[in-house]
Amino acid sequence: MIFQSLWRAVSSRLPGKRRARALGFCEHELLAALRDPGCPVCHVAGQSEPHYLFWLLHEGYAEPDLFDALTASLGFCPTHAMVILGDGGGASQTSLVHEIVAKRLLRLWRDERRNRPWLAKIVADHGVPARCPVCRARDGAAERAAFFLGKLIEAPPDGCDYGQPGMVCAPHLRLLAPNLRTSTLGRVLSLHRAALGRAMKTLADRSVEGEEAIARAQRAALHLAVGHARAPVPDVAPPPPRRERRAAEDVEALIEPADACAICRIVAQARGEWITWLDETARTGDVITDLLPVCCDHVWGAWGASGPELRAAVAENALHVASHKIETTLKFLAREPPPANARRPLASLAAAVQGRRYFARLARVAVARDERCPLCARLATARDRSLSLLFALLEERRHRNTFEAGYGLCLKHFARALALEPRAPVRDFLTRVEAAKLARLAWELGEYARKAAWQARPEAPGDERRSPVAAMYRFASWGEHARTGGSGSEEIGSKPTPLRRARKLPS
């Protein structure tokens, strides 16, 4: 057996006709995705989400590993919480999961010995909890797809022609690049440069008429520049008319709401104001490229909630940003080491030894660099400035009483508030209020589960029938998605409803 293994290793490197390599399931899936327009990695990763959610809502909701993951992530992310709510089923499963996680967090906060390291970790992580388990499953599927796609590009089987028409989006190039040799990376980037150039010409072609044809061309450009939309694009509630704000209104908005997290509302309003202003300004022809969103979620959100002028500006700007990154990477790959310099012998020797490998490393760093999104920066500023004002207000007893009687904060914004390190009395007050809200939610979730049992059907349902949706709102930060009517008053169902197979997420 040892001889056979050595012979296989040696014979695979001998010249001559190369034997066809057996392809796995993921590679066959990628080959099928490469025959369609769009990003094959987005396609494979998008397919993993409904499959994971179907498993979670049918079998995985009682797994201890899921409870651990949701405790670390403080619940689902807003995107996947919205998908679960939109599915129409899984109320009993989500109520069980959130009840257990809520009780775990309460035990954690009430134990001083365990709460101290948890608080230190939250501060060290800048208030950013761990990844949502559905996001982690999607990220893992994307990494696997990028790995196997790299193998297909390096050793293409029959019928595999990268870029005809399937091609990874610019964000997923950062996953694909480490799996490619430098020469192959240069060839792939050249294909992307050509594809981006064709997309720019298509968008600039004024002969294309018809709203649907223009939207189709813009969607294809966005698939190439930022990737496919991760979830149904939510509607953005139009903000009230622009006017001068008063400090008293900001105070009331922070401490009085009883039906939703105040920070979520403020962030949602900031998002709506930003996109509305961009939409109005795009009609006048002013330069707004420095203010257009760049990240995938905000690009698709702005594109889906704006007029034709802003849609065109968003698509063109996304193409320019992706093109600039690829051009920068190709410039690094094309650079040659500097000539020998007698005045700098050590630097010349190091350059001669490294050769072009130094510029290849710079190219890989450039292709993996994150772009700064102006809208992300604006929402982060709105969140942190509002929390800073809340800390100042809570120094007064009357504001503390009003805040305690209201909704409080969602868990994501509570974690960010702790990371900003307010004064100890304010921090302890926020922790006590959050624990009280979470304790009541845990009781309502338990009551919902008790009344959902068959033997409890004579009992009239109460407010606890809304607790599964209320748990989604408490654990997720809805400001990023600006849900309209975000009061949490909807119902998934007063009794457990039959679950459908998870649907494929739209692209």
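Rings of Phe, Tyr and Trp (its six-membered ring) pair if their centres lie within 6.5 Å, and planes under 30 degrees apart count as stacked, over 60 as edge-to-face and the rest as tilted. The views below come from a predicted model, in which local features need pLDDT of at least 70 and side-chain atom pairs count only at pLDDT 80 or more, while totals for chains, interfaces and linings use all residues. Residues are numbered from 1 along each chain as its sequence is written, and side-chain values use heavy atoms, with hydrogens and water left out.

**View A. Phe 403 and Phe 429 form a tilted aromatic pair.** Searching the whole structure gives six aromatic pairs. In this one, the rings sit 6.2 Å centre to centre with 50° between the planes. Phe 403 belongs to helix 19 (residues 397–405) and Phe 429 to helix 21 (residues 424–451), so named because helices (H or I, at least four residues) are DSSP runs numbered from the N terminus. The pair links distant parts of the chain, 26 residues apart. Both Phe 403 and Phe 429 are buried, meaning under 20% relative accessible area (1.4 Å probe, protein chains only).

**View B. Trp 109 sits in the largest nonpolar core.** Such a core is a set of buried Ala, Val, Leu, Ile, Met, Phe, Trp, Tyr and Cys residues joined through side-chain atoms within 4.5 Å. This one has 132 residues, and Trp 109 and Leu 409 touch the most other members. Helix 15 supplies the largest share, 10 residues. Look around Trp 109 for Asn 115, Trp 118, Leu 411, Phe 414, Glu 434, Ala 435 and Leu 438, its contacts when residues up to four places away in sequence are not counted; contact means heavy atoms within 4.5 Å. Trp 109, Trp 118 and Phe 414 also make up one aromatic cluster.

**View C. Helix 15 meets helix 17.** The axes of helix 15 (residues 308–334) and helix 17 (residues 357–367) come within 8 Å and cross at roughly 170°. That makes the two helices roughly antiparallel (angles over 145 degrees). Helix 15 contributes residues including Lys 325 and Phe 332, and helix 17 residues including Phe 359 and Leu 362.

**View D. Helix 4 has several buried residues.** In helix 4 (residues 64–73), these are Leu 66, Phe 67, Ala 69, Leu 70, Thr 71 and Ser 73. They pack against helix 3 (40–58), helix 6 (91–110), helix 8 (133–154) and helix 20 (411–419). Just past helix 4, Leu 74 has a positive phi of about 55°.

Conventions
Axes are lines fitted to C-alpha atoms, for helices over the stretch in contact, and angles run from 0 to 180 degrees between N-to-C directions. Angles under 35 degrees count as roughly parallel, over 145 as roughly antiparallel, 65 to 115 as roughly perpendicular and the rest as oblique. Buried means under 20% relative accessible area, exposed over 50%, partly exposed in between (1.4 Å probe, protein chains only).
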